[in-house]
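Trainee: Got a minute? I'd like to go through this model with you.

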Amino acid sequence: MTDTTKKTDMQLCIHQAVDEYFNDLEGEPARDLYKLFQHEVEKELFECVLKHTNSNQSKAAAFLGINRGTLRKKLILYNLDK
């Protein structure tokens with residue numbers, strides 16, 4: 001593997017988590033994996049960004065590259081709007 005194709009730490013963590021998910025299925029078919037993955041990753045991402053911005057939603061939205069209104073909707077969806 002050359003330097004340009006090395007996986008980042010985040011990519012390696014994602015790869016490991018997905019592999020573990022499939023192993024835990026023990027042969028059962030996967031369902032709604034994309035939706036599950038999106039829900040799990042977004043929630044953790046928003047929590048970390050909010051912590052880093054001291055819960056400043058305007059800064060968090062700017063860091064994420066999304067509209068503040070979109071962030072608010074996601075925070076409500078994930079019960080992070082406290």
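Trainee: Which residues on the other side of H3 are exposed?

Mentor: Ala62 and Phe63. Bear in mind that this is a predicted model.

Trainee: The other side from what? Which residues of H3 are buried?

Mentor: Gln57, Ala60 and Ala61. They span an arc of only 100° around the axis, so they sit on the same side of H3.

Trainee: What do those buried residues pack against?

Mentor: Two helices: H2, residues 33-52, and H4, residues 68-77.

Trainee: Take Gln57. Why does it count as buried?

Mentor: Its relative accessible area is 17%. The cut-off for buried is under 20%, so Gln57 qualifies.

Trainee: What does Gln57 touch, leaving out residues up to four places away in sequence?

Mentor: Leu50, Arg68, Leu71, Arg72 and Leu75.

Trainee: And Phe63, how exposed is that one?

Mentor: Its relative accessible area is 53%. Exposed means over 50%, so Phe63 makes the cut.

Trainee: Which contacts does Phe63 have beyond its neighbours within four places?

Mentor: Val49, His52 and Thr53. The C-alpha atoms of Phe63 and Thr53 are 8.9 Å apart, and the two residues are separated by 10 residues along the chain.

Trainee: Switching to helix ends. What caps the N-terminal end of H3?

Mentor: Asn56. One of its side-chain oxygens lies 3.1 Å from the backbone nitrogen of Ser58.

Trainee: What about the N-terminal end of H4?

Mentor: Asn67 caps that one. There, a side-chain oxygen is 2.5 Å from the backbone nitrogen of Gly69.

Trainee: Which residues take a positive phi just after H3 and just after H4?

Mentor: Gly65 follows H3, with a phi of about 75°. Asn79 follows H4, with a phi of about 55°.

Trainee: Now the packing. At what angle do H2 and H3 pack?

Mentor: About 125°, with the axes 9 Å apart. That makes H2 oblique to H3.

Trainee: Who makes the contact?

Mentor: From H2, Leu45, Phe46, Val49, Leu50 and His52. From H3, Gln57, Ala60, Phe63 and Leu64.

Trainee: Is that crossing left-handed or right-handed?

Mentor: H2 and H3 cross in a right-handed way.

Trainee: How do H1 and H2 pack?

Mentor: H1 covers residues 9-25. The angle between H1 and H2 is about 130°, and their axes are 13 Å apart. H1 and H2 are therefore oblique to each other.

Trainee: What is the handedness of the H1 and H2 crossing?

Mentor: Right-handed.

Trainee: Which side chains should I look up there? I mean, which residues of H1 meet which residues of H2?

Mentor: On H1, Ile14, Val18, Tyr21 and Phe22. On H2, Leu33, Leu36 and Phe37.

Trainee: Last topic, Glu42. Where is it, and is it buried or exposed?

Mentor: Glu42 is in helix H2. It counts as buried, at 16% relative accessibility.

Trainee: What does the Glu42 side chain make a polar contact with?

Mentor: The side chain of Lys74, at 3.1 Å.

Trainee: Which residues does Glu42 touch, again skipping those up to four places away?

Mentor: Lys74 and Tyr78.

Conventions
Residues numbered from 1 in each chain as written. Predicted model: local features only at pLDDT ≥ 70, side-chain atom pairs only at ≥ 80, totals over all residues. Heavy atoms only, no water. Buried < 20%, exposed > 50% of the residue type's maximum accessible area, 1.4 Å probe, protein only. Contact = heavy atoms within 4.5 Å. Helix = DSSP H or I, 4+ residues; strand = E, 2+ residues; numbered from the N terminus. Arc of directions from axis to C-beta. Polar contact = N/O pair within 3.5 Å; in protein donor to acceptor, adjacent residues only side chain to side chain. Axes fitted to C-alpha atoms, helices over the stretch in contact; angles between N-to-C directions. Parallel < 35°, antiparallel > 145°, perpendicular 65-115°, else oblique. Left-handed = near helix turned anticlockwise from the far one by under 90°.
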